[in-house]
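Thanks, everyone. Let me put the structure up, and then I'll walk through it.

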Amino acid sequence: MATHAGSEGKVFIGSNQVAEIKSWSMEITSDTVDASIIGTAWRKNQATIKGWSGSFEGFWDETDTMGQGALSAGATVTLNLNPEGDDTGATYWSGDAIITSISYNASFDGIVEASFSFTGTGALTETTVSA
């Protein structure tokens, strides 16, 4: 069984790596509907529409024009989330996502941080990095 250090993870907008990312998370969900009928002793549910959403956080970098600079609330981007880096054969998830929020945080004793939230629009695919 393979395990991976979180430090291997990367976030890309298309083929452009987003700079200064510290962490990312993604959730894949499926809605369900009640398919129970009269006389059923136990509730029966059926899976329906799938969805995905998440966020990524990092240090704000105003010079990252092709990564952080390409993100604005309401924009649709092709998001690639790489949990184990981007070497040939590494697994990653890819799909179009709407940037739903961006927040910034600064404190006198820290580094300015940025947080980006997204919701998938359409299918999420799992694939591997090719040479």
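I'll take strand pairing, then the pocket, then aromatic pairs, then salt bridges.

One thing before the details. This is a predicted model. Keep that in mind for each value I quote.

Strands, then. Start with β3, residues 21-34, and β4, residues 45-59. They pair in the antiparallel sense, over 12 bridges. To find the register, look at S23: its bridge partner in β4 is E57.

Now move across from β4. Which strand does β4 join through 7 bridges? That is β7, residues 113-120, and the two run antiparallel. For a landmark here, take G58, which stands opposite A114 in β7.

β7 also has β6 as a partner. 8 bridges join β6 to β7, and again the strands run antiparallel. On this side, I99 stands opposite F118 in β7.

Stay with β6, residues 91-105. It pairs with β5, residues 76-82, in the antiparallel sense, over 6 bridges. The bridge partner of T76 in β6 is I98. Then there is β8, residues 125-128. 4 bridges join β6 to β8, running antiparallel. There the register can be read from T91, whose bridge partner in β8 is T128.

So much for pairing. Next, the pocket.

The largest pocket has a volume of about 170 Å³. Which residues line it? Toward the start of the numbering you have H4, A5, G6, S7 and G9. Then come I21, K22, S23 and W24, and finally P83. By class, the lining divides into 4 nonpolar, 5 polar and 1 charged.

Hold on to three of those lining residues: S23, K22 and W24. S23 you have met already, as the bridge partner of E57 in β4. K22 and W24 come back in a moment.

On to the aromatics. The count comes to 5 aromatic pairs. I'll show two.

W24 and W93 form an edge-to-face pair. Centre to centre is 6.2 Å, with 75° between the planes. Why edge-to-face? The label applies to planes over 60 degrees apart, and this pair has 75° between the planes. Where do the two residues sit? W24 is in strand β3 and W93 in strand β6, 69 residues apart, so this pair links distant parts of the chain. Are these two buried or exposed? Neither: W24 is partly exposed, at 21% relative accessibility. W93 is partly exposed too, with a relative accessible area of 22%. The cut-off for buried is under 20%.

The second pair is F56 with F116. This one is stacked: 5.2 Å centre to centre, 25° between the planes. F56 lies in strand β4 and F116 in strand β7, so the pair ties together parts that are 60 residues apart in sequence. Both F56 and F116 are buried.

That pair belongs to a wider group. W52, F56, F116 and F118 form one aromatic cluster. F118 should sound familiar: I99 stands opposite it.

Last topic, salt bridges. Side chains of opposite charge can pair when their charged atoms come close. Here the count comes to 3. Let me go through them.

K10 forms a salt bridge with D86, with the closest N and O atoms 2.9 Å apart. This pair links distant parts of the chain, 76 residues apart. K10 is in strand β1, residues 10-13, and D86 is in the loop between β5 and β6. What about exposure? K10 is partly exposed, with a relative accessible area of 23%. D86 is partly exposed as well, at 31%.

Next, K22 and E113. Their side chains meet in a salt bridge, at 3.4 Å from N to O. K22 lies in strand β3 and E113 in strand β7, so the pair ties together parts that are 91 residues apart in sequence. K22 is partly exposed, with a relative accessible area of 44%. E113 counts as partly exposed, at 26%. And K22, remember, is in the lining of the largest pocket.

Finally, R43 forms a salt bridge with D34. The closest N and O atoms are 2.1 Å apart. R43 is exposed, with a relative accessible area of 61%. D34 is partly exposed, at 42%.

That's the tour. Questions, please.

Methods:
Residues are numbered from 1 along each chain as its sequence is written. This is a predicted model: local features need pLDDT of at least 70, side-chain atom pairs count only at pLDDT 80 or more; totals for chains, interfaces and linings use all residues. Side-chain values use heavy atoms; hydrogens and water are left out. Two strands pair if DSSP finds at least two bridges between them. On a 1 Å grid over the protein atoms alone, a cavity is a set of points where a 1.4 Å probe fits but cannot get out, and a pocket is an open set with protein on both sides within 12 Å along at least five of seven lines; lining residues have an atom within 4 Å of a point. Grid points are joined across faces, edges and corners, and a volume is the space filled by probe spheres set on the points. Ala, Val, Leu, Ile, Met, Phe, Trp, Tyr, Cys and Pro count as nonpolar, Asp, Glu, Lys and Arg as charged, and the others, Gly among them, as polar. Rings of Phe, Tyr and Trp (its six-membered ring) pair if their centres lie within 6.5 Å; planes under 30 degrees apart count as stacked, over 60 as edge-to-face and the rest as tilted. Buried means under 20% relative accessible area, exposed over 50%, partly exposed in between (1.4 Å probe, protein chains only). A salt bridge is a side-chain nitrogen of Lys or Arg within 4 Å of a carboxyl oxygen of Asp or Glu.
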